[in-house]
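Here are a few friendly notes to read alongside the structure. Please keep the viewer open and follow them point by point.

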Amino acid sequence: MYKALVTCRAGLGSSLILKIKINEVITEHNLDISLTHVGLDEIDGYDGDIILALSDVADDLRAKKPKKKIVGINSIVDKDEIYTKLQNVLDELEAEK
């Protein structure tokens with residue numbers, strides 16, 4: 001099972017909505033992902049596989065966490081976008097094994 005983290009600048013509002021949508025996608029597509037949620041100030045010790053955030057936050061995270069798979073989501077409510085991006089990163093992780 002892969003570990004994924006949802007974050008936003010404050011850890012409230014947008015990332016909570018995004019977490020709900022991602023959980024729906026994980027359930028609907030039976031993805032092998034365990035999902036947690038924190039604010040950016042709590043991300044330093046994160047040892048999981050994937051970090052998900054809105055695109056503007058993801059851009060900032062790529063510089064800070066270059067070894068992590070960072071997924072930027074453009075639309076909080078677009079489950080097709082979320083699924084496509086999650087599946088792509090899962091494919092990348094599987095290929096790296």
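1. To begin with the whole chain: 42% of the 97 residues of the protein count as buried. Please bear in mind that this is a predicted model, so every value here is computed from predicted coordinates.

2. What about the overall size? The C-alpha atoms fill a box of roughly 30 × 30 × 20 Å along the principal axes. The radius of gyration is 12 Å, which agrees with the value near 13 Å for a compact globule of 97 residues. The accessible surface comes to about 5,400 Å², and carbon and sulfur atoms account for 50% of that surface.

3. Next, the secondary structure. You will find 3 helices and 4 strands, and reading along the sequence gives the pattern β-α-β-β-α-β-α. Taking the contacts between residues at least 6 apart in sequence, 58% join residues at least 24 apart.

4. Helix H1 is a good place to look in detail. It spans residues 14–29, which makes 16 residues. From its first C-alpha to its last, H1 reaches 22 Å, close to the 22 Å expected at 1.5 Å a residue.

5. Which residues of H1 are buried? They are Ser15, Leu18, Ile22, Val25 and Ile26. These residues lie on the same side of H1, because they cover an arc of only 100° around the axis. The spacing fits a general rule: an α-helix has 3.6 residues a turn, so residues three or four places apart point the same way.

6. Now turn H1 around. On the other side of the helix, Ile20 and Thr27 are exposed. Try colouring these two and the buried set differently in your viewer.

7. What covers the buried residues of H1? The cover includes four strands, E1 (2–8), E2 (33–39), E3 (50–54) and E4 (69–73), together with helix H3 (79–96).

8. Just past the helix, have a look at the backbone. Asn30 follows H1, and its phi is positive, near 50°.

9. Finally, a stop in helix H3, where Ala95 is found. Is Ala95 buried or exposed? Ala95 counts as exposed, because its relative accessibility is 65%, and the cut-off for exposed is over 50%. For a sense of distance, compare Ala95 with Leu61: the two are 34 residues apart in sequence, and their C-alpha atoms are 23 Å apart in space.

Methods. Residues are numbered from 1 along each chain as its sequence is written. This is a predicted model: local features need pLDDT of at least 70, side-chain atom pairs count only at pLDDT 80 or more; totals for chains, interfaces and linings use all residues. Side-chain values use heavy atoms; hydrogens and water are left out. Helices (H or I, at least four residues) and strands (E, at least two) are DSSP runs, numbered from the N terminus. The expected span of a helix is 1.5 Å times one less than its number of residues. Buried means under 20% relative accessible area, exposed over 50%, partly exposed in between (1.4 Å probe, protein chains only). The arc is that of the directions from the helix axis to the C-beta atoms. Contact means heavy atoms within 4.5 Å. The radius of gyration is taken over C-alpha atoms; the globule rule is 2.2 Å times the number of residues to the power 0.38. Accessible areas come from the Shrake-Rupley method with a 1.4 Å probe; for residues, only the protein chains shown count as cover.
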